[in-house]
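Biologist: Hi! Could you walk me through this model before I head back to the bench?
Modeller: Happy to. Let's get it on screen.

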Amino acid sequence: MGEKYGIVTGASRGIGRAIAEKMASEKVNLALCCEKNTDALNELAKELRRRYEVTVYTYQTDIGDPDSVKQMTDDILRHFSQVDYLVNNAGVSYVGLLTDMSVEQWNRLISVNLSGIFYMMKAILPSMIHQKSGSILNVSSMWGTSGASCEAAYSASKGGVNLLTNAMAKELAPSGIRVNAIAPGCVDTDMNAIFSEEEKKDLCEEIPIGRFAEPSEIAEAAWSLMNLSYVTGQVLGADGGFI
């Protein structure tokens, strides 16, 4: 079995970090990026190199900016002979009434959460198509399935991710490339730090399993989904039974 190579966007914290850790533990060489939290990303890369003896490159990249994505992916493809895994995890959220949201906030959220996946796939797919193999995982959300009050834009972006996943799975299957998504529910990450302890308690009461997920639990499910050879075009709910 030859060397494996993967890319994880938004890898400095939360779900992206956990997925990167899982992939490194499975001996996948990695290219990791984030937009702002570069110190944490570089510390993670250092730890993964030490613990798992894999190659790890890091990039400061705005996934919502096609020029930034192209600059990063051009460099990755100079280093990696192939890309076996692409994990599109980078995302931003907005909590509030849609009527209070500015056009700039809407455009920014869509550019990162949805257009960013297009930018990444457009850059990496020629390599995967050439090698006639690859696995793409898009990190969605349970709100992309059902929609959430005060998270309309976020829900719309993740709904788009789900349908993009379905469509690209059909488009890429003849090339030996699988495309799936994972739709987490409430996960104990910095993104959910906006909720008070009381709000978190109320949410836990609505989750049949009765608690938030740990990022590592989402990473385990993601890794399994990425490696199921006959599964493509699926959106795996990982929400503790919420939806």
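Biologist: Which helix does Glu 171 lie in?
Modeller: Glu 171 belongs to helix H6, residues 152–172. Helices here are DSSP runs of H or I with at least four residues, strands are E runs of at least two, and both are numbered from the N terminus. This is a predicted model, where local features need pLDDT of at least 70 and side-chain atom pairs count only at pLDDT 80 or more, while totals for chains, interfaces and linings use all residues. Residues are numbered from 1 along each chain as its sequence is written, and side-chain values use heavy atoms, with hydrogens and water left out.

Biologist: Is Glu 171 buried or exposed?
Modeller: Glu 171 counts as exposed, because its relative accessibility is 55%. Buried means under 20% relative accessible area, exposed means over 50%, and partly exposed is in between, using a 1.4 Å probe and protein chains only.

Biologist: And how far is Glu 171 from Gly 233 in space?
Modeller: The C-alpha atoms of Glu 171 and Gly 233 are 10.0 Å apart, with their positions 62 residues apart in sequence.

Biologist: Switching to cysteines: how many disulfides does a search of the whole structure find?
Modeller: Zero. A disulfide would be a pair of cysteine sulfur atoms within 2.5 Å.

Biologist: Why is there no bond for Cys 150?
Modeller: The closest cysteine sulfur is in Cys 186, and at 15 Å from the sulfur of Cys 150 it is too far for a bond. Cys 204 is in no disulfide either, with the sulfur of Cys 186 as its nearest, 7.3 Å away.

Biologist: How accessible is Cys 150?
Modeller: Cys 150 has 33% relative accessibility, so it counts as partly exposed.

Biologist: Now the strands. How many bridges join S1 to S4?
Modeller: Three, and strand S1 (residues 4–8) runs parallel to S4. Two strands pair if DSSP finds at least two bridges between them. Val 8 has Val 87 in S4 as its bridge partner.

Biologist: What about S4 and S5?
Modeller: S4 pairs with strand S5 (residues 134–139) over four bridges, in the parallel sense. Here the bridge partner of Val 87 is Leu 137. The chain goes from S4 through H4 to S5 in a right-handed β-α-β crossover. Right-handed means that, with the strands pointing away from the viewer, the path from the first strand over the helix to the second runs clockwise.

Biologist: Which way do the S4 side chains point?
Modeller: Tyr 85 and Val 87 point one way from S4 (residues 85–88), while Leu 86 and Asn 88 point the other way, and all are buried. In a regular strand, side chains alternate between the two faces of the sheet.

Biologist: And how do S2 and S3 pair?
Modeller: S2 (residues 28–34) and S3 (residues 56–60) are parallel, with five bridges. The chain gets from S2 to S3 through helix H2 (residues 38–52), and this β-α-β crossover is right-handed.

Biologist: Where is Lys 27, and what is its phi?
Modeller: Lys 27 sits in the loop between helix H1 (14–25) and S2. Its phi is positive, near 70°. Most residues other than glycine have a negative phi. Glu 53, in the loop between H2 and S3, also has a positive phi, about 55°.

Biologist: Is Glu 53 buried or exposed?
Modeller: Glu 53 counts as exposed, because its relative accessibility is 70%.

Biologist: Last topic, empty space. How many cavities of 30 Å³ or more are there?
Modeller: One, with about 30 Å³ of space. On a 1 Å grid over the protein atoms alone, a cavity is a set of points where a 1.4 Å probe fits but cannot get out, and lining residues have an atom within 4 Å of a point. Grid points are joined across faces, edges and corners, and a volume is the space filled by probe spheres set on the points.

Biologist: Which helix gives the most to the lining of that cavity?
Modeller: Helix H4 (residues 103–131), with four residues. The whole lining includes Thr 9, Asn 88 and Met 120.

How values were computed. 1 Å grid on protein atoms, 1.4 Å probe; cavity = no way out; pocket = protein on both sides within 12 Å on 5 of 7 lines; lining within 4 Å.
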